[in-house]
Structure formats: structure tokens, C-alpha cells
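Work through the following exercises with the sequence and the model side by side. Each task is followed by a solution that goes step by step.

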Amino acid sequence: MVGAFSFAIVLFSLLYTTVYSREEYLWCYDCNTDLRHGHKGDCNDPYTPGAFDLIACPRNESHHCHKSIILYRNILVTVRACVSSRQINEYCSYGDSFPHSNIECYFCKENACNDKELSRPTSEWYLGSLAIILSRLLT
């Protein structure tokens, strides 16, 4: 009886610590952040996260989850990572270093938000315009 009670206390403490620590951290998927040994094709969409791909961002400053889709020399690479919030304005400015590359960057602030296909800004603009046109036609 005492053993079961002790086990329950340890299990409760472990669960409480896990939940509490997840609330304090921003959790992002981390994939293809070190490209020195090549890229992992399974990081591209559709993405199925691996067991250890979800990491906690450092707590020393504010962070965003990041997803970038890079097409360079006919090679498609998707990078997923934690990025310091103060770096997001310059983070994807690689036009001078990699001319003729196409880089799309997305940032978000929810846990694990960089796992899915994110809507492109042009599609959001298109849907917004379509909604305005439809609302004017129907009134």
C-alpha cells in the first residue's frame, strides 16, 4: 500500500513538472538546423515529426518558432527551428549570399506551430480580397 502511494506521488510530481515546464518554454520543431552533413528530406512537407524533433527554446529571451522553405540550385530544403525574436526581421535575408535562391520564411509563437504547412501570405491576401468582393456583391 505504501509502495503504491509513493509511486502515485512520484508519478504526480513527474507529470506536474512536465506540464509546468512546458508552459514556461516555447516548444518548436527542430529539423535541418545543421546542414554541414547535408539535409534531411523528411523535414520537407508533408512533415512527420521524429521522436526528438520537438525542443524547448532557450528561456533567456523571447523566441519564435521558425519554418523556412529554401529552393537553391534545384534543391528543396525545409528548416524548422527556434529563432530569437529580435532576429526575425533579418533572419531570412540571404539574397546577397545565395543569389538566385528562393526563400520563404514563416514565424509563429504557439507551441509546435512550425510542424504543418503554413498558408502563404499571398493566399491569405487572396482569401481576404475574395471575402470583401463577396460581401459587396451580397449586400
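**Exercise 1.** Which residue lies over the face of tyrosine 25, and at what distance from the ring centre?

*Solution.* The model is a predicted one, in which local features need pLDDT of at least 70, side-chain atom pairs count only at pLDDT 80 or more, and totals for chains, interfaces and linings use all residues. Residues are numbered from 1 along each chain as its sequence is written, and side-chain values use heavy atoms, with hydrogens and water left out. A charge sits over a ring if NZ of Lys or CZ of Arg is within 6 Å of the ring centre and within 35 degrees of the ring normal. By this criterion arginine 59 lies over the face of tyrosine 25, at 4.7 Å from the ring centre. Another such arrangement is found at tyrosine 47, where the charged end of arginine 80 sits 4.0 Å from the centre of the ring.

**Exercise 2.** Determine the order of elements along the chain, and state what share of its residues is buried.

*Solution.* Helices (H or I, at least four residues) and strands (E, at least two) are taken as DSSP runs, numbered from the N terminus. The chain contains two helices and five strands, and from the N terminus on the elements run α-β-β-β-β-β-α. For burial, a residue counts as buried under 20% relative accessible area, as exposed over 50%, and as partly exposed in between (1.4 Å probe, protein chains only). Buried residues make up 23% of the 139 residues in the chain. Strand β3 (63-72) is mostly covered, with seven of its ten residues buried.

**Exercise 3.** Reconstruct the three-stranded sheet from its strand pairs, and identify its edge strands.

*Solution.* Two strands pair if DSSP finds at least two bridges between them. Begin with β3 and β4, which pair in the antiparallel sense over ten bridges; within this pairing, leucine 71 has leucine 76 in β4 as its bridge partner. Next take β3 and β5, whose antiparallel pairing runs over seven bridges. Here lysine 67 stands opposite tyrosine 106 in β5, and isoleucine 69 has glutamate 104 in β5 as its bridge partner. Joining the two pairings gives an open sheet of three strands in the order β4-β3-β5, with antiparallel pairing. The edge strands are β4 and β5 (102-108), each of which pairs on one side only.

**Exercise 4.** Where does the backbone show a positive phi in a residue other than glycine, or a cis peptide bond?

*Solution.* As a point of reference, most residues other than glycine have a negative phi, and most peptide bonds are trans. Consider asparagine 32, whose phi is near 65°; this residue is found in the loop between β1 and β2 and is buried, with a relative accessible area of 6%. Arginine 73 likewise has a positive phi, of about 55°, but is exposed, with a relative accessible area of 65%. Arginine 73 belongs to the turn of the hairpin that β3 and β4 form with two residues between them. The cis peptide bond runs from aspartate 45 to proline 46, with omega near 0°, and proline 46 lies in the loop between β1 (27-29) and β2 (54-56).

**Exercise 5.** How many aromatic pairs are counted, and what geometry do tyrosine 25 and tryptophan 27 show?

*Solution.* A pair of aromatic rings is described by the distance of the centres and the angle of the planes. Rings of Phe, Tyr and Trp (its six-membered ring) pair if their centres lie within 6.5 Å, and planes under 30 degrees apart count as stacked, over 60 as edge-to-face and the rest as tilted. By this rule the count comes to three aromatic pairs. Tyrosine 25 and tryptophan 27 form one that is edge-to-face, at 6.3 Å centre to centre and with 70° between the planes. Tyrosine 25 is partly exposed at 27% relative accessibility, whereas tryptophan 27 is buried, with a relative accessible area of 16%. The rings of tyrosine 91 and phenylalanine 107 have their centres 6.5 Å apart and their planes at 85°, so this pair is edge-to-face. The pair links distant parts of the chain, with tyrosine 91 in the loop between β4 and β5 and phenylalanine 107 in strand β5, 16 residues apart. Tyrosine 91 counts as partly exposed at 24% relative accessibility, and phenylalanine 107 counts as partly exposed at 27%.
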